[in-house]
Every structure is written in C-alpha cells, then in structure tokens.
Amino acid sequence: MPLIQDEKLKCAECGYPIVTETLEWAPNLYVAGALAELEIGLISRNISGARQAAKMIANSV
Ligand SMILES: Cc1cc2nc3c(=O)[nH]c(=O)nc-3n(C[C@H](O)[C@H](O)[C@H](O)COP(=O)(O)OP(=O)(O)OC[C@H]3O[C@@H](n4cnc5c(N)ncnc54)[C@H](O)[C@@H]3O)c2cc1C
C-alpha cells in the first residue's frame, strides 16, 4: 500500500497497523474498524467496536 510506504507507517508482522492507545497511526491519522484490531480486539469489526473507536478518538482530539 503506497501510503504505508510513503509515510513509513508501522505494521505488525501480521500486517495490521501498530497504533497508539488513542488509535493514532501517524500524526492526525486515526483508524477504526479492522485497522484498529490490535488495540481494540475482535470487536473492532462490529458496531460495538466502531462506538469504542469513536470514543477513543474523540477523547484524544
Ligand atoms: C454485511 C455486514 C453485516 C454486518 N452485520 C453486523 C452486525 O450484525 N452487528 C454488528 O455489530 N456489526 C455488523 N457489521 C459491521 C458494522 O457494519 C461495522 O462494524 C460498522 O458499520 C463500522 O462503522 P464505521 O462507522 O467504522 O464504518 P462504516 O459504517 O463503513 O462507515 C464509513 C463511512 O465512511 C464513508 N466513506 C468512506 N470513504 C470515504 C471518503 N473518502 N470520503 C467520505 N466518506 C467516506 C462510507 O461511505 C461510509 O458511510 C456488519 C458489516 C457487514 C459488511
């Protein structure tokens, strides 16, 4: 993925993004859904995970 290479975004060996506890992958770049799986866990892919991601991101900005 060009963005990962261009911005040197950190990924785990499994390919998922390594993000902060506020779901920030790079300055002002936040993730939700599957991309947040290493931080939120399996629920990241459902509505409950989307709500949790929204709270985490909103609380950090
Ligand atoms: C078939 C299916 C069934 C599901 N069933 C369930 C279920 O029963 N229970 C459950 O908890 N979860 C379920 N899910 C998962 C749930 O739908 C997602 O976890 C949730 O919708 C994620 O919410 P989100 O707001 O992060 O992303 P999304 O709902 O995907 O919203 C992202 C929005 O951003 C918009 N967008 C994308 N790119 C851009 C852009 N460049 N510019 C502007 N807008 C953009 C999209 O159009 C979309 O409206 C299901 C998913 C699928 C596919």
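Exposed here means over 50% relative accessible area, and buried means under 20%. Keep those two cut-offs in mind. One more thing before we start: this is a predicted model.

Let me apply the cut-off straight away. Take Asn 28. Its relative accessible area is 70%, so Asn 28 is exposed. Where does Asn 28 sit? In the loop between β1 and β2. Look at its backbone too. Phi of Asn 28 is near 65°, which is a positive value in a residue other than glycine.

Now Leu 23. Phi is positive here as well, near 70°, and again the residue is not glycine. Leu 23 belongs to the loop that runs between α1, residues 2-7, and β1, residues 24-26. Buried or exposed? Leu 23 is buried, at a relative accessible area of 0%. So we have two loop residues with positive phi: Asn 28 is exposed at 70%, whereas Leu 23 is buried at 0%.

On to the ligand. Which residues surround it? Arg 45, Asn 46, Ile 47 and Ala 50. By character, that shell splits into two nonpolar residues, one polar and one charged.

Now the backbone contacts. A backbone N or O atom of Arg 45 is 2.8 Å from a ligand oxygen. For Ile 47, a backbone N or O atom also lies 2.8 Å from an oxygen atom of the ligand. For Asn 46, the corresponding distance from a backbone N or O atom to a ligand oxygen is 3.3 Å. How much of the ligand does the protein cover? The figure is 17% of the 1,000 Å² of accessible area that the ligand has on its own.

Stay with Arg 45 for a moment. Its side chain has a partner. The side chain of Glu 37 makes a polar contact with the side chain of Arg 45, at 2.6 Å. Glu 37 is in helix α2. The relative accessible area of Glu 37 is 16%, so Glu 37 counts as buried. So on one hand, Arg 45 has a backbone atom 2.8 Å from a ligand oxygen. On the other, its side chain contacts Glu 37.

Next, Ser 44. Ser 44 is in the loop between α2, residues 37-40, and α3. With a relative accessible area of 2%, Ser 44 is buried. What does its side chain reach? The backbone oxygen of Gly 33, at 3.3 Å. In sequence, Ser 44 and Gly 33 are eleven residues apart; in space, their C-alpha atoms are 5.0 Å apart.

Ala 34 gives another pairing across the chain. Ala 34 lies in the loop between β2, residues 29-30, and α2. At 28% relative accessibility, Ala 34 is partly exposed. Twelve residues along the chain separate Ala 34 from Asn 46, and their C-alpha atoms are 8.9 Å apart. Recall that Asn 46 is one of the residues around the ligand.

Now helix α3. It covers residues 47-60, which makes 14 residues. How far does α3 reach from its first C-alpha to its last? The answer is 20 Å, close to the 20 Å expected at 1.5 Å a residue.

Which residues of α3 are buried? Gly 49, Ala 53, Met 56 and Ile 57. They sit on the same side of α3, because they cover an arc of only 95° around the axis. Turn to the other side of α3, and the exposed residues there are Ile 47, Arg 51, Lys 55 and Asn 59. Note Ile 47 in that list. Ile 47 is exposed on α3, and Ile 47 also has a backbone N or O atom 2.8 Å from a ligand oxygen.

Last stop, helix α1. Gln 5 is in α1. At 59% relative accessible area, Gln 5 is exposed. Gln 5 and Gly 41 are 36 residues apart along the chain, with 25 Å between their C-alpha atoms.

To recap the ligand site: Arg 45, Asn 46, Ile 47 and Ala 50 surround the ligand. Arg 45 also ties back to Glu 37 through a side-chain polar contact. And α3 has its buried residues, Gly 49, Ala 53, Met 56 and Ile 57, on the same side. That's it from me.

Notes:
Residues numbered from 1 in each chain as written. Predicted model: local features only at pLDDT ≥ 70, side-chain atom pairs only at ≥ 80, totals over all residues. Heavy atoms only, no water. Near = heavy atom within 4 Å. Polar contact = N/O pair within 3.5 Å; in protein donor to acceptor, adjacent residues only side chain to side chain. Areas by Shrake-Rupley, 256 points an atom, 1.4 Å probe, with all protein chains shown as cover. Nonpolar A, V, L, I, M, F, W, Y, C, P; charged D, E, K, R; others polar. Helix = DSSP H or I, 4+ residues; strand = E, 2+ residues; numbered from the N terminus. Expected span 1.5 Å × (residues − 1). Buried < 20%, exposed > 50% of the residue type's maximum accessible area, 1.4 Å probe, protein only. Arc of directions from axis to C-beta.
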